[in-house]
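Good morning, and thank you for making time for this presentation. I would ask you to look at the sequence and the structure as they appear, and then to follow me through several selected places.

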Amino acid sequence: MLRRVSQVCALRRHYSSSSLSLNDVVIVSAARTPMGSFRSSLSGLGAPELGAVAIRAAVERSGADPASVGEVYMGHVVQAGAGQAPARQAALKAGLEKSTPCTTVNKVCASGMKAIMQASQALMCGAQEVMVAGGMESMSNVPYYMARGDSPYGGVQLKDGIVFDGLTDVYNKCHMGSCGENTAKKLGITREQQDEYALSSYAKSSAAWQAGVFSSEIAPVTIPGKRGKPDTVVSEDEEYKKINVEKFKKLATVFQKEGGTVTAGNASTLNDGAAAVVLMTAAAANSRGLKPLARIVGFADAATDPIDFPIAPAFATPKLLSLTGVSSDAVARWEVNEAFSVVVLANIKLSELDPDKVNVNGGAVSLGHPIGMSGARLVVHLAHTLKAGEMGVASICNGGGGASAIMLQKLCRWSYHASGSKPLLTMYTKNPCPLCDVALEVLAPFLPEMTLKKIDITATGNEHLMRLYGYEIPVFFFEGQYLMKHKANVPLLRSALEQWRNSNC
């Protein structure tokens, strides 16, 4: 008996020891599909299929062996009609091992971000070394519901699954947009302010796309052609192009006819898409020779009255800053999900955020809001677009009065290089590979400025590369980080070279 007690005490001392610390967690790669408009370009694929595209792209771009992925968490909100265990479907369709455990996460709009947070916790605690996390949604394929039971006289009334399970406040029996109206009234946020914010979101998104800001995060989606027609490749968000500026401020309010402020223009839309990241402990990334994009600094959840869900990020954000010990002034960028324009305006006001640092490349109002994906999309975007050393915070409200927030710090993309040195361009290839030969011809003008290293994925010892890239070659990595595949993208390479030359870390 005394021996048993001593064993328990020893365990207690072990787990409370100050000598133990949590693992640092890094984002090694991050990818997302374009976001399709409702019943449009991506509607032919369900959420698991879109999730598979994002997972496959994230794993490919990480450079890690797919067999090393220990577990997968994927957010997905309206799961009806998607089939059993959507996250498991996405993982297996992405080519991950059948032995990979998978969990589907539902925290409404915060699902994708919460999946990343929960995966980070598992890595911090040492339960896993490599994980994939993200979110997915196909709002175009959500079914209508018919209650089970005797069919009533006069017909059966169907319920829209999107509205019923995705966009309705069950406590106040109203649409989420009505909660937005409540927030606008409480904080004195006008229709004009919301319209101006929404128009700026469209302008920022358009400018960002034209400048190639999103190119590094996008994983194109191939839609199989029907009846002999060619496949369609979707590689750009649809929603930001669908705006009529002349009619924008004349749109009718949707949720409150008299004195309302929320319209279809200044609210987010119904969309399809998926996003995923490969997370590792810093030690696991280092042991594999991988160069992470960013590190997870911290994360926090908060909640308030369900009707006040639009302002819930204003509770999660200070909690996050307090937990991390980072001041608001030290945050270079804020991503606040644009469920409605009033959400961002309210949180800028309540959290005293610098508007010039908020959603600098637009947000969900103009780009789209596939609800299970959006939280993960914000993380993907920050991981790619923060500058080395900068910290960014992404926050997202969710139905029921909740919110999640996460802080990243961008890591230096390239190591210090002496004057006159050349960056390393790695090409994964095989022999023969006609596409690889064509790609090198296109890149010929740039090759004198780089050191080219060719790796044959079919060579003995490279079996993990064959599993990773298969017939997707050529695949190019620039200084240890994914750059492009299938063909030579000259603007991407030119941009990478320019950034490398100007790198000071």
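Let me begin with a single residue, Glu 352, which is exposed, with a relative accessible area of 69%. That value lies over 50%, so Glu 352 falls in the exposed class. Before going further, I should state that what you see is a predicted model. Glu 352 sits in the loop that runs between α11, residues 341-351, and α12, residues 364-367. Its backbone also deserves attention: phi of Glu 352 is near 55°, a positive value in a residue other than glycine.

As background, most residues other than glycine have a negative phi, and most peptide bonds are trans. Val 108 is another residue to consider here, since it is not a glycine and yet has a positive phi of about 50°. Val 108 belongs to the loop between β4 and α4, the latter being residues 111-124.

Turning to peptide bonds, I would point out two of them. The bond from Asn 431 to Pro 432 is cis, with omega near 5°, and Pro 432 lies in the loop between β17 and α14. The bond from Ile 473 to Pro 474 is likewise cis, here with omega near 0°. Pro 474 is found in the loop between α15, residues 463-469, and β19.

I turn now to the packing of helices. Two packed helices are described by the angle between their axes and the distance between the axes.

We have already met α11 as one end of the loop that holds Glu 352. How does α11 lie against helix α7, residues 191-210, and at what angle do their axes cross? The two axes come within 9 Å and cross at roughly 100°. The helices α7 and α11 are therefore roughly perpendicular to each other. On the α7 side, Gln 193, Gln 194, Tyr 197 and Ala 198 take part, and they meet Ser 341, Val 342, Val 344 and Leu 345 in α11. The residues of this contact divide into five nonpolar, three polar and no charged.

The second pair consists of helix α2, residues 47-62, and helix α3, residues 86-93, whose axes come within 7 Å and cross at roughly 50°. α2 and α3 are therefore oblique to each other. The crossing of α2 past α3 is right-handed. From α2, the contact is made by Pro 48, Glu 49, Gly 51, Ala 52, Ile 55 and Arg 56, and from α3 by Pro 86, Gln 89, Ala 90, Ala 91 and Lys 93. Those residues comprise six nonpolar, two polar and three charged.

The third pair is α4 with helix α13, residues 374-385: their axes come within 4 Å, crossing at roughly 65°. Here Gly 112, Met 113 and Ile 116 in α4 meet Gly 375, Ala 376, Leu 378 and Val 379 in α13. Five residues of this contact are nonpolar, two are polar and none is charged.

Next, consider helix α14, residues 434-443. Which of its residues are buried? They are Cys 436, Ala 439, Leu 440 and Leu 443. Seen down the axis of α14, these buried residues fall within an arc of 100°, so they line one face of the helix. On the other side of α14, Pro 434 and Glu 441 are exposed. The elements covering the buried residues include the strands β17, β18, β19 and β20, together with the helix α16, residues 490-502.

I close with three residues in loops. Is Val 262, in the loop between α8 and β12, buried or exposed? Val 262 is buried, with a relative accessible area of 0%. Beyond its neighbours within four places in sequence, Val 262 is in contact with several residues, including Gly 177, Glu 181, Gln 194, Phe 255 and Phe 340. Gln 194 also appears in the contact of α7 with α11.

Thr 100 is placed in the loop between α3 and β4, and at 3% relative accessibility it counts as buried. Apart from neighbours within four places in sequence, Thr 100 touches Val 69, Gly 70, Glu 71, Val 72 and Arg 88.

Lys 173, by contrast, counts as exposed at 69% relative accessibility; its place is in the loop between β8 and β9. Lys 173 and Ile 307 are 134 residues apart in sequence and 9.9 Å apart in space, C-alpha to C-alpha.

Thank you for your attention.

Technical notes:
Residues are numbered from 1 along each chain as its sequence is written. This is a predicted model: local features need pLDDT of at least 70, side-chain atom pairs count only at pLDDT 80 or more; totals for chains, interfaces and linings use all residues. Side-chain values use heavy atoms; hydrogens and water are left out. Axes are lines fitted to C-alpha atoms, for helices over the stretch in contact, and angles run from 0 to 180 degrees between N-to-C directions. Helices (H or I, at least four residues) and strands (E, at least two) are DSSP runs, numbered from the N terminus. Angles under 35 degrees count as roughly parallel, over 145 as roughly antiparallel, 65 to 115 as roughly perpendicular and the rest as oblique. A crossing is left-handed if the near helix is turned anticlockwise from the far one by less than a right angle, and right-handed if clockwise. Contact means heavy atoms within 4.5 Å. Ala, Val, Leu, Ile, Met, Phe, Trp, Tyr, Cys and Pro count as nonpolar, Asp, Glu, Lys and Arg as charged, and the others, Gly among them, as polar. Buried means under 20% relative accessible area, exposed over 50%, partly exposed in between (1.4 Å probe, protein chains only). The arc is that of the directions from the helix axis to the C-beta atoms.
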